[in-house]
Amino acid sequence: MHTQTHTPEELAQLMNRTPEVWRELRGASIFLTGGTGWFGRNLLEAIIAANEAAGLGIQITVLSRQPQK
């Protein structure tokens, strides 16, 4: 089971500090490896939060050795 690693406030701050990153990712297709590791989970959580908050239309595929996580 996945638990959120960041508060909604932290994710909002991340989006506000890096608007150019999210503009560049609008409509992107991303293939993320290591999606259940520490870095992968944090990156995935940030992308999902930004995608939902800003309607970016990002498609993400995650590769993991432990997909049940």
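Start by selecting Gly55: this glycine follows helix H3, and its phi is positive, near 55°. Helices here are DSSP runs of H or I with at least four residues, strands are runs of E with at least two, and both are numbered from the N terminus. Before you click on, know that this is a predicted model, where local features need pLDDT of at least 70, side-chain atom pairs count only at pLDDT 80 or more, and totals for chains, interfaces and linings use all residues. Residues are numbered from 1 along each chain as its sequence is written, and side-chain values use heavy atoms, leaving out hydrogens and water.

**Zoom out to the whole chain**

Show the cartoon and you'll find three helices and two strands. From the N terminus on, they come in the order α-α-β-α-β. The C-alpha trace spans about 30 × 25 × 15 Å along its principal axes. How does the radius of gyration of the protein chain agree with that of a compact globule? With 69 residues, such a globule would come out near 11 Å, and the chain has 12 Å, which agrees. That radius is taken over C-alpha atoms, and the globule rule is 2.2 Å times the number of residues to the power 0.38.

Now switch on the surface. The protein chain exposes about 5000 Å², with carbon and sulfur atoms supplying 56% of it. These areas come from the Shrake-Rupley method with a 1.4 Å probe, and for residues only the protein chains shown count as cover. Of the 69 residues, 26% count as buried, meaning under 20% relative accessible area, while exposed means over 50% and partly exposed lies in between.

**Select H3, residues 38-54**

Trp38 lies in this helix. Measure from end to end: the 17 residues of H3 should span 24 Å at 1.5 Å a residue, and the end C-alpha atoms are 24 Å apart, which agrees. The expected span is 1.5 Å times one less than the number of residues.

Next, color the buried residues of H3: Gly40, Asn42, Leu44, Glu45, Ala46, Ile47, Ala49 and Ala50. What covers them? The cover includes helix H1 (8-17), helix H2 (19-25), strand E1 (29-33) and strand E2 (59-63).

For the outside, pick Trp38, which counts as exposed because its relative accessibility is 62%. Add Phe39 and Leu43, and you have a nonpolar surface patch with about 380 Å² of accessible area together. Patches take residues with over 30% relative accessible area and no salt bridge, joining like charges within 9 Å and nonpolar side chains (Val, Leu, Ile, Met, Phe, Trp, Tyr) within 5 Å. A salt bridge is a side-chain nitrogen of Lys or Arg within 4 Å of a carboxyl oxygen of Asp or Glu.

**Step inside at Ile47**

Ile47 sits in H3 and is buried, because its relative accessible area is 6%. Leaving aside residues up to four places away in sequence, Ile47 touches Trp22, Ile30, Ile58 and Ile60; contact means heavy atoms within 4.5 Å.

**Follow the contact to Ile58**

Ile58 lies in the loop between H3 and E2. Is Ile58 buried or exposed? Buried, because its relative accessible area is 7%. Beyond four places in sequence, Ile58 touches Leu25, Gly27, Ala28, Ile30, Ile47 and Asn51. Measure to Arg26 as well: 32 residues apart in sequence, but 6.1 Å apart C-alpha to C-alpha.

**Last stop: Leu25**

Leu25 lies in helix H2 and is partly exposed, because its relative accessible area is 22%. Not counting residues up to four places away in sequence, Leu25 touches Ile30 and Ile58.

Note on methods. Buried means under 20% relative accessible area, exposed over 50%, partly exposed in between (1.4 Å probe, protein chains only).
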